[in-house]
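Please open the structure below in a viewer and keep the selection tool at hand. The stops follow one after another.

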Amino acid sequence: MTKLSSQVKGSLNITTPGVKIWRIEAMQMVPVPSNTFGSFFDGDCYVILAIQKTGSTLSYDIHYWIGENSSQDEQGAAAIYTIQMDDFLNGRAVQHREVQGNESETFRGHFKKGIVIQKGGVASGMKKVETNSSNVQRLLHVKGKRNVVAGEVEMSWKSFNRGDVFLLDLGKLIIQWNGPESNHMERLRAMTLAKEIRDQERGGRTYVGVVEGENESDTPQLMEVMNYVLGQRRELKAAIPDSVVEPALKAALKLYHVSDSEGKMVVREVATRPLTQDLLKHEDCYILDQGGLKIFMWKGKNANAQERKEAMNHALNFIKAKQYPANTQVEVQNDGAESAVFQQLFQKWTVPNRTVGLGKTHTVGSVAKVEQVKFDAMSMHVQPQVAAQQKMVDDGSGEVQVWRIEDLELVPVDTKWLGHFYGGDCYLLLYTYLIGEKEHYLLYIWQGRQASQDEIAASAYQAVILDKKYNEEPVQIRVPMGKEPPHLMSIFKGQMVVYQGGTSRANNPEPVPSTRLFQVQGTSTNNTKAFEIPARATSLNSNDVFVLKTTSCCYIWCGKGCSGDEREMAKMVADIISRTEKQVVVEGQEPANFWMALGGKAPYANTKRLQEENTVITPRLFECSNQTGRFLATEILNFNQDDLEEEDVFLLDVWDQVFFWIGKHSKEEEKRAAATTVQEYLKTHPSGRDLDTPIIVVKQGSEPPTFTGWFLAWDPFKWSNTKSYQDLKTELGNSGDWNQITAEVTNPKVDVFTANTSLISGPLPIFPLEQLVNKPVEELPEGVDPSRKEEHLSIEDFTKALGMTPAAFSALPRWKQQNLKKEKGLF
């Protein structure tokens, strides 16, 4: 019987973030040493536990990885251990089935330096990679731009193609061959993997050389080695295009109810996109099919034990019934411990004790309240994570300039209209604030709901001109009317008023309505705005304060659920809306004239105040591409600042706003298509996203704390210290003189001896330092081994010449030894 051993249970520290790996050996889980993490044999199965900490919350992922040549018994054991480990974690983990060649992005994300898949396995005696082994001979095909997977392929030129990177690993020498059509990132990632093999598996005692496929003649010795090992190359295959998943396929969601109450599995389709959380009943199990790309199995906490136990099998049977590929990815989700990837396939997702979750961003007239946190401007730059959560760079006390789009040009807004936003207009606001001595800029692009398409286009065009004027440093924030972020409100200190239509232009031909109703939201000068809504009774709700402006009076209507702070802010903003006398009206005690102004009394939302909105936001980072003429977003799991590459553009989705980060060396067309790219992302999102979600364009080097706060330990100087691909190549420690190592590979020494040969190995004869330093082979004393000159020195001369003891020298990696010998004239 396969059972989680007490030894495994005892070794599980479930409160410390990190990765643990076990290999299935003789049906038991055997721990894999950490220095070989990321290296897998195709004849084996593995169980991987990954623990992550977000804030104070721990999340668990258990993967079982199936090698293509592993046995059915091993596969079954790995699956059972995964279920048992989840039980040990009290159903708090997400279970993943990973099949060689189709690993999930979540799985690859655990191995940032890459994954190596080797031939063999425990059954063939491959227990582990031999450290310092010099008799390795293998060819690795490196795939992937970000989290790479290197699979062992046939040692032949037939395995090569023009578009990928290959590592020819010969034990004491690793040659990285870059296909002429491979890209910069693939080359960089492959080099990281080669260095990882050198330093982790070989203890540094291996050379790494690079052949650029477009300039093979620059490295003749390395090409000589490749042709010696692989044979002469007759042809080179064309590049193989990367498999591309259409966004439409990712968005093709179908939810199925699963039951085995009659002794056999019955699957019934219950819904298609867009999905809502209330479709998932706690008493049942469900399959969510994401266009055949991935199968999610959701286990209700009150479902019967047998159904829960058989969850993975149900998913595998579903794959067979649908005739999907056998390597289709599978995730088992526990009720209450769902992953962010799963949650965001639903239009609305809430967690226990929180009423409003992921879904539409806050809309006017809704009953739910936004949690108000006491604002501390000083904490924003010291603690960027606070800035990110509260979406504030400071307290709004910086300098502001406001323009309105008029005849498609920028016209400064008169100071008396500052804080007044009309739905028929578009505005640009340039906000300047200081961090230390340096000026930083936010450029808000506010677009009215009634503005013309020409004006909306002109606002975007004028923003580009203004951006260039300030050296492309401003962070651009597109604000659709009704989606005003907290920081924009804080600029106007509780005096922001948004009108449904109209304009603040001179000679406005539109008549001003005699009766207007405004909903006031906010508890302080940092988060308050008044938003015009239809002047009728049905627009009211019991949780807010409303200002009703008539020709003779201005009413401040206070719902039963509003707070004292909200009432005070309403009084302040009412003075901006109307100069007439103010009359405070408490819900339930309205005068007849109040209802008459609203066209008569009518039912409105009067539910008791809902619980505070407290969305648990899981930020998600995507690398964006539009190269093929269609939008593609590739998610980066477990992301950090290192994942932001200067040559690319990225999208950071924090649900109620989306950041678009532009790398310094990204393509011009990608920069120009920023807004279109994010809009396309929102349109193709599986959950059916709010298309009015604010979009914030951020440029490398000008990131505000509202962006950097989503990254752990953001380093503002990172890119000034980043090494280029050429720098890293130089750091490999090779001078370009490959003659000796080439000779060792192409003309291996054969030990030949006769009956008279002395087989006694002892210390080499000692010679004075001056007879060995900078001497060509023909001038060396008789009996000196030219490749081991340092061993012919006394300990005193050795330490003097090389600056360290023989013991310290022997502990160095081979390439460092050789470099030091060259430097000191002993090579």
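**A tour in selections**

Start with Met27, which is partly exposed at a relative accessible area of 31%. Here buried means under 20% relative accessible area, exposed means over 50%, and partly exposed lies in between (1.4 Å probe, protein chains only). This is a predicted model, in which local features need pLDDT of at least 70, side-chain atom pairs count only at pLDDT 80 or more, and totals for chains, interfaces and linings use all residues. Residues are numbered from 1 along each chain as its sequence is written, and side-chain values use heavy atoms, with hydrogens and water left out.

Stay on Met27 and look at the backbone: phi is positive, about 70 degrees, although Met27 is not a glycine. Most residues other than glycine have a negative phi. Met27 lies in the loop between β1 (18-25) and β2 (28-31). Helices (H or I, at least four residues) and strands (E, at least two) are DSSP runs, numbered from the N terminus.

Next, select Lys493, in the loop between α13 (486-491) and β24 (497-499). Lys493 is another residue other than glycine with a positive phi, near 50 degrees. Its relative accessibility is 32%, which counts as partly exposed.

Now select strand β10, residues 165-169. Five of its five residues are buried, so β10 is largely enclosed by the rest of the structure. Val165, Leu167 and Asp169 are buried on one side, and Phe166 and Leu168 are buried on the other.

Add strand β8 (residues 138-143), which runs antiparallel to β10 and is joined to it by five bridges. Two strands pair if DSSP finds at least two bridges between them. To find a point of register, select Arg138, which stands opposite Asp169 in β10.

Then add strand β11 (residues 173-178), which pairs with β10 in the antiparallel sense over five bridges. Here Val165 stands opposite Asn178 in β11. The hairpin of β10 and β11 has three residues between the strands, and Gly171 takes a positive phi near 85 degrees there.

Finish with helix α5 (residues 220-230). How many of the eleven residues of α5 are buried? Eight of them are, and the helix is mostly covered. Among the buried residues are Leu222, Met226 and Leu230. Show β10, β11, β12 (207-212) and α20 (739-746) too, as they are included in what covers the buried residues of α5. Contact here means heavy atoms within 4.5 Å. The last selection is Gly231, which follows α5 and has a positive phi near 90 degrees.
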